[in-house]
Amino acid sequence: IEFFDLAAHGMGQTEVVLMDAQQRKVLEGALNVIRGVSSETGIAVGMSSIDHYKLVNKYFNDITAFSATGAALSVASGRASFVHNLQGLAVTVDTACSSSLVGSYIGLQEIRRASAKNFISCGVNIMTSSDTTIMFQSAGMLAPDGRCKTMDMAADGYVRSEACRTMLLSSDPATQSGRYTSYMQAAAINQDGRSSSLTAPNGPAQQGVMRAAVRQAGGTTVVHSLQMHGTGTALGDPIEVGATSAVLGTQDSTLVLSAGKTCIGHTEPAAGISGICLLYTSPSPRDATLSRMPSSA
């Protein structure tokens with residue numbers, strides 16, 4: 001983050017010093033994917049950390065105009081639109097771990113409604129303050145050994161990590177030309193509603209969102225690989241595997257389950273888009289050492 005190119009983004013030293021490092025990474029990520037896109041491009045940024053705000057309060061006594069824009073979550077998407085002249089929808093999404101997936105969902109809907117031909121989806125998480133980690137540790141969410149052990153009997157929490165992932169959604173063949181492309185066939189979102197606790201997962205709700213996505217994709221769709229949320233907790237993993245088995249376990253094919261958090265940790269608001277990127281770049285099921293769910297499960 002300290003190698004941010006001020007000149008390339010038309011910014012001064014004072015403004016950048018007071019700007020959240022996550023905003024720097026969003027600007028760089030957008031720069032990596034805007035080649036050939038028109039100005040009618042939208043952007044959604046999955047982002048939830050307010051570590052920068054804590055740092056500014058601790059180390060900077062003077063309040064300036066840059067203090068407000070540097071720390072606001074909403075500015076992450078707005079600044080990207082301003083710097084790169086993107087005139088489509090600009091929104092910052094904070095739904096915790098699903099932030100970047102919800103942002104991708106919004107982008108897909110924008111393209112389907114023909115509101116935009118191109119849409120940037122981004123998720124970012126940078127840890128610059130120990131406060132958040134201490135809070136999660138106090139809540140018993142983090143693994144004491146610093147390892148995320150998804151679907152393991154020893155699963156006892158996750159490990160926090162950092163990421164900035166950016167992807168371009170496009171319906172424009174001209175934009176897609178010369179790029180590595182994959183096809184996003186369907187997307188669905190919902191909410192747990194009433195669970196056993198505020199942060200506990202809800203199995204029936206998970207089944208509902210999976211069925212909605214499969215219905216949208218078409219009745220003949222066969223799911224061969226699933227990138228799990230898989231936080232490596234004794235409560236969450238069994239509920240997720242149970243929901244997956246109920247919805248996809250009757251398929252006449254092998255379903256490969258993978259859990260990116262065992263490789264890169266939990267990137268929190270960037271976890272969803274990190275999972276998408278891992279899914280598209282992982283080895284084939286034949287070569288992968290992944291847990292398998294037989295069709296009879």
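This passage describes the confidence, the nonpolar cores and selected local features of a predicted model.

Residues are numbered from 1 along each chain as its sequence is written. Local features were considered only at pLDDT of at least 70 and side-chain atom pairs only at pLDDT 80 or more, whereas totals for chains, interfaces and linings use all residues, and side-chain values rest on heavy atoms, without hydrogens or water.

The mean pLDDT (the predictor's confidence in each residue, from 0 to 100) is 89 for the protein, and 94% of the residues reach 70 or more. Across residues 283-297, pLDDT stays under 50; the model has 28 contacts (heavy atoms within 4.5 Å) beyond four places in sequence for this stretch. Where pLDDT is low, predicted coordinates should not be read in detail.

The largest nonpolar core, a set of buried Ala, Val, Leu, Ile, Met, Phe, Trp, Tyr and Cys residues joined through side-chain atoms within 4.5 Å, contains 22 residues, of which Val-45 and Ile-120 touch the most other members. At least two residues of this core come from each of helix H2 (21-33), strand S1 (42-46), helix H5 (74-84) and strand S3 (118-125); helices (H or I, at least four residues) and strands (E, at least two) are DSSP runs, numbered from the N terminus. H2 supplies the largest share, 5 residues. Apart from this core lies another, of 9 residues, including Val-223, Leu-226, Ala-243 and Leu-255. Beyond four places in sequence, the contacts of Val-45 include Val-26, Ala-76, Val-91 and Cys-122.

Strand S3 also holds Ser-121. This residue is buried, with a relative accessible area of 0%; buried means under 20%, exposed over 50% and partly exposed in between (1.4 Å probe, protein chains only). The side chains of Ser-121 and Ser-104 are joined by a polar contact of 2.7 Å, a polar contact being a pair of N or O atoms within 3.5 Å; within protein, one must be able to donate a hydrogen and the other to accept it, and residues adjacent in sequence count only if both atoms are side-chain atoms.

Ser-104 is one of the buried residues of helix H6, in which 10 of 14 residues are buried. The end C-alpha atoms of H6 (residues 99-112) are 20 Å apart, in agreement with the 20 Å expected at 1.5 Å a residue; the expected span is 1.5 Å times one less than the number of residues. Ala-114, which follows H6, has a positive phi near 65°.
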